[in-house]
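Biologist: Please put the model on screen, and then I will ask about its cores and its helix packing.

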Amino acid sequence: MVAATNFFRIDDLLVQIYNSEVEMALSVAEITQQYLQQVLNEQDTAAVLLATGNSQLKFLDALITLGGVDWSRITLFHLDEYLGISAYHSASFRRYMRERVEKRVAPKEFHYIEGDTLQPVAECDRYTKLLQAQPIDLCCLGVGENGHLAFNDPAVANFQDSYSVKLVKLDKINRQQQVNTGHFPNLETVPQYAFTVTIPTICSAKKIICLAPEIRKANVVKQILQGAISAECPASVLRQQSQATLFLDVNSASLLEVVK
């Protein structure tokens with residue numbers, strides 16, 4: 001296993017730093033493989049909540065390539081989806097998951113948020129019932145440049161949310177990030193609304209892994225770890241989760257005083 005170059009706790013959150021995004025992805029894949037093997041040794045099935053985005057690509061590929069996980073016993077969910085978008089749209093998170101995960105591992109089930117539903121409120125209720133049917137054994141996360149987890153932007157994030165899934169309006173920083181990372185050609189084409197799994201549901205997972213590599217995440221990583229725990233930076237809630245680990249590379253950790 002690739003070893004972290006530095007690790008420490010900030011409040012309840014374990015932080016691990018690696019020399020590169022590739023080393024981070026390989027290590028997280030091994031940690032995840034071993035954890036899922038342990039879970040499946042102790043129970044018949046497992047439930048996993050997956051994130052999309054560029055931060056997950058190398059990790060998911062490494063995890064699937066590594067093998068050793070009986071995916072036929074694992075039910076998969078995903079964290080978010082745009083409202084009004086087809087499952088075949090190039091930016092659809094359903095398409096991302098279908099092509100990068102489901103087709104490669106053949107899970108027991110993969111429950112998708114139907115972004116193009118004609119009844120969005122009913123879709124929130126349907127997905128909530130699916131999520132609540134069993135405990136979430138693992139939640140995989142990325143972090144947005146505005147500190148969002150899934151589509152819980154600062155303006156809509158609620159650490160005591162009574163909903164498990166909700167419909168939210170995306171802020172401009174979030175929408176611009178989707179353009180910057182190549183998912184849409186311009187801001188006007190990014191949907192304004194999306195479905196998201198809420199903060200309490202994310203935090204209910206028995207284990208949380210959060211990947212935040214790249215220099216463009218350095219400012220928000222500093223805010224998460226050295227700012228206030230507040231919905232103004234939704235990912236700061238991870239500092240209250242003893243079951244969570246934040247994985248960084250040297251670039252995303254470059255502004256942290258603790259590693260200088």
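The questions below deal with the cores, two helix pairs and one loop residue.

Modeller: This is a predicted model, in which local features need pLDDT of at least 70 and side-chain atom pairs count only at pLDDT 80 or more, while totals for chains, interfaces and linings use all residues. Residues are numbered from 1 along each chain as its sequence is written, and side-chain values use heavy atoms, with hydrogens and water left out.

Biologist: Which helix gives the most to the largest nonpolar core?

Modeller: A nonpolar core is a set of buried Ala, Val, Leu, Ile, Met, Phe, Trp, Tyr and Cys residues joined through side-chain atoms within 4.5 Å; buried means under 20% relative accessible area, exposed over 50%, partly exposed in between (1.4 Å probe, protein chains only). The largest one has 44 residues, of which Leu79, Leu141, Leu149, Leu225 and Leu248 touch the most other members. Helices (H or I, at least four residues) and strands (E, at least two) are DSSP runs numbered from the N terminus. With 4 residues, the main contributor is helix 7 (residues 218-226).

Biologist: How many residues are in the other core, which includes Met24 and Leu36?

Modeller: That core lies apart from the largest one, and Leu60 and Val101 are also among its members. Its residue count is 33.

Biologist: Are helix 1 and helix 2 parallel or oblique to each other?

Modeller: Axes are lines fitted to C-alpha atoms, for helices over the stretch in contact (heavy atoms within 4.5 Å), and angles run from 0 to 180 degrees between N-to-C directions. Those of helix 1 (residues 21-42) and helix 2 (residues 57-66) come within 8 Å and cross at roughly 50 degrees. Angles under 35 degrees count as roughly parallel, over 145 as roughly antiparallel, 65 to 115 as roughly perpendicular and the rest as oblique. The pair is therefore oblique.

Biologist: What is the orientation of helix 2 and helix 3 to each other?

Modeller: Helix 2 packs with helix 3 (residues 93-105) at an angle of about 10 degrees, the axes being 10 Å apart. Leu57, Leu60, Asp61, Ile64 and Thr65 of helix 2 meet Tyr96, Arg100, Val101, Arg104 and Val105 of helix 3. The two helices are therefore roughly parallel.

Biologist: Is glutamine 241 buried or exposed?

Modeller: Glutamine 241 sits in the loop between helix 7 and strand 11 (244-249). Leaving aside neighbours within four places in sequence, glutamine 241 is in contact with Asp12, Leu13 and Cys203. Because its relative accessible area is 11%, glutamine 241 is buried.
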